[in-house]
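Visitor: I'm new to this, and I'd like to learn how structural words get their meaning. Could you show me one example and let me ask about the words as we go?

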Amino acid sequence: MRVALVTGARGGIGSAIVTRLEADGWTVHAVDVEDADLTTRAGNRAVVEAALAAHGRLDAIVPNAGLQHVAAARDFPEDEWDRLLALLLTSPFLLAKYAWDALAESGDGRICVIASAHSLTASPFKSAYVSAKHGVLGLVKTLALEGADVGIAATAVCPAFVRTPLAERQVAERGLGAVIERHAGKRMLEPSEVADLVAFLLGPSGRGITGVPVPIDLGWTAA
C-alpha cells in the first residue's frame, strides 16, 4: 500500500488527482478547507498527523490547495498577500517538513507541488500569486537536493489555465480568448491532464525526475 496526502482535494484539479491516484492503487488521504486551515502551522501539522494516524505511513504529498486575488501591486491588500503566500508557498514547505521523516522512511518518497505556468513567467495584477509560485520552484529545488540521500524526490507541476470552476468564472467575466491569450494551443487544460502528469511523477517512471518544474502549459512559456 502506498499512501498520498492531497490538499485542495475537492476542487477541480484536486478531485481529478484523487480519482487518478486511487485508480492507480494509491490510498489517498484527501483534505480540503473543511478539514484544516492550511494557512496556519497547526493546520498543516494536523493533516500530516491525521494521514499518519489513519494509514500508518506516507509515501507522497501533493500540495494542491490554492486561491487567487487580482489587484495592482500599489493597491494589493496586505492581508491578501499574507494569505496567498501562506497557502501557496508556506503550506507546501510545512507539509514537506512535517511529512519528511515518513517520506524518508518510505524509501521512495515523493513531493509533487501543483505550481503554475506563473512559476515560470508573470502576469500583471497577480503579484502575490506569481511571487508564491516562483518561490515554490526554489523550495522544490532545495527539497530535491536535501531529499536525494534519503530517497525523496520533489517536483513542481506547472499547468496553464485548467478548466476548473475558478477558471470558468474568469471565462464568463473576460471571455475565453482573453483568458487563454498566452496559450499557444488555444484551449484550456482538462483537470485529468494534470492528474495524469501527477500520477506519472509519483509512479515508477518518475523516480528520476526531481528538483525541476514540469510544465504542462500548452506552449505558454515557450515564447
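Visitor: What makes Asp108 and Arg2 a salt bridge?

Guide: A salt bridge is a side-chain nitrogen of Lys or Arg within 4 Å of a carboxyl oxygen of Asp or Glu. The closest N and O atoms of Asp108 and Arg2 are 3.9 Å apart, so the pair meets the rule. Please keep in mind that this is a predicted model, where local features need pLDDT of at least 70 and side-chain atom pairs count only at pLDDT 80 or more, while totals for chains, interfaces and linings use all residues. Residues are numbered from 1 along each chain as its sequence is written, and side-chain values use heavy atoms, with hydrogens and water left out.

Visitor: Which parts of the chain does this pair link?

Guide: Distant ones: Asp108 sits in the loop between helix 3 and strand 4, and Arg2 in the segment before strand 1, 106 residues apart. Helices (H or I, at least four residues) and strands (E, at least two) are DSSP runs, numbered from the N terminus.

Visitor: Is Asp108 called buried or exposed, and why?

Guide: Buried means under 20% relative accessible area, exposed over 50%, and partly exposed in between, using a 1.4 Å probe and protein chains only. Asp108 has 18%, so it counts as buried. Its partner Arg2 has 24% and is therefore partly exposed.

Visitor: How do you know that Asp59 and Arg57 form a salt bridge?

Guide: Their closest N and O atoms are 2.6 Å apart. Asp59 is buried, with a relative accessible area of 0%, whereas Arg57, at 33%, is partly exposed.

Visitor: What about Arg163 and Glu168?

Guide: They form a salt bridge too, with the closest N and O atoms 3.6 Å apart. Arg163 is partly exposed at 36%, and Glu168 is partly exposed at 33%.

Visitor: How many salt bridges does the rule give?

Guide: The count comes to 14. Arg2, Arg57, Asp59, Asp108, Arg110 and Arg207 are linked in a network of them.

Visitor: Why are strand 2 and strand 6 said to stand at the edges?

Guide: Two strands pair if DSSP finds at least two bridges between them. The open sheet has six strands in the order 2-1-3-4-5-6, with parallel pairing. Strand 2 (27-30) and strand 6 (212-216) each have a single partner strand, so one side of each is left without a neighbour in the sheet.

Visitor: How do you know that strand 3 and strand 4 pair?

Guide: Two bridges join strand 3 (residues 60-62) to strand 4 (residues 109-114), so the requirement of the pairing rule is met. The two strands run parallel, and Ile61 has Ile111 in strand 4 as its bridge partner.

Visitor: What makes you say that helix 1 packs on the sheet?

Guide: Helix 1 (residues 12-23) touches strand 1 (3-6), strand 2, strand 3 and strand 4, where contact means heavy atoms within 4.5 Å. Its direction makes about 175 degrees with that of strand 1. For such values, axes are lines fitted to C-alpha atoms, for helices over the stretch in contact, and angles run from 0 to 180 degrees between N-to-C directions.

Visitor: Which element has the lowest confidence?

Guide: Confidence here is pLDDT, which the predictor gives each residue from 0 to 100. Helix 5 (residues 165-174) has the lowest mean, 87, and strand 3 the highest, 99. The mean for the protein is 97, and 100% of its residues reach 70 or more.
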